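Got the model open in your viewer? Here's a short tour, one selection at a time.

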Amino acid sequence: KDAKVQRNKGLVLKKLERYDDAIACYDKAIELDPKYANAWNGKGNTLLSLKRYEDAIACYDKAIEIDPKDADVLHNKGVVLRKLERYEDAIACNDKVIEIDPKDVKVLHNKGLALKKLERYEDTITCYDKAIEIDPKYVNAWNSKGNALLTLKRYEDAITCYDKAIEIDPKYEHAWRKKGLVIEKLIKNED
């Protein structure tokens, strides 16, 4: 009969990929305390794992209704909106998180991903640059910046970004693959 215990049990069950059991725990926590935002968020995260995106958004909206300044919930909702290709909505969610925590590199990265889908490449690069300024070792931002530069056919700049990502994490497969692709393009251009 303790909402926090039910929510914690839901967290563990989700990690064990026992999603239906996790949802049942979150539902019990919500039944015990309908204003328990963390239970709504946990249920939303579990539904996200099941790719039940609209249901996840409904849970995140409940959590946001309870606590409109919960950056984690807003971030999670932004991720789901991006997966649903609702890029403008995702950017708006990310902007709310950035207002709360301007140094959240994951949110800056997610905003950049949504901007790239809208072909707003310079804005995309600006987001990645802000993330890199905050955390110079944030490998995903370096890799994604390289991808945006590759799209703009700024090959040398893209290689620089991929090299930085590889320097940070020598096993970062995406950067190696994209760097190879850029080198191949450069060789064809020379021919």
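We'll go through two helix pairs and then a pocket.

Before you click: this is a predicted model, where local features need pLDDT of at least 70, side-chain atom pairs count only at pLDDT 80 or more, and totals for chains, interfaces and linings use all residues. Numbering starts from 1 along each chain as its sequence is written, and side-chain values use heavy atoms, with hydrogens and water left out.

**Stop 1: H1 and H2.** Select residues 3–15 for helix H1, which packs on H2 at about 165°, axes 8 Å apart (helices are DSSP runs of H or I, at least four residues, numbered from the N terminus; axes are lines fitted to C-alpha atoms over the stretch in contact, with angles from 0 to 180 degrees between N-to-C directions). That makes the two roughly antiparallel (angles over 145 degrees). Now show side chains: Leu11 and Leu13 of H1 are among the contact residues, as are Ala22 and Tyr26 of H2 (contact means heavy atoms within 4.5 Å).

**Stop 2: H2 and H3.** Keep H2 (19–32) and add H3 (37–49): the axes come within 9 Å and cross at roughly 160°. H2 and H3 are therefore roughly antiparallel too. Look for Ile23 and Ile30 in H2, and Trp40 and Leu47 in H3, all part of this contact.

**Stop 3: the largest pocket.** Which residues lie nearest its centre? Select Leu113, Lys116, Asn143, Ser144 and Asn147, from a lining of 13 residues. Helices H7 (105–117), H9 (139–151) and H11 (173–190) each give two or more residues to that lining.

Conventions:
Parallel < 35°, antiparallel > 145°, perpendicular 65-115°, else oblique. 1 Å grid on protein atoms, 1.4 Å probe; cavity = no way out; pocket = protein on both sides within 12 Å on 5 of 7 lines; lining within 4 Å.
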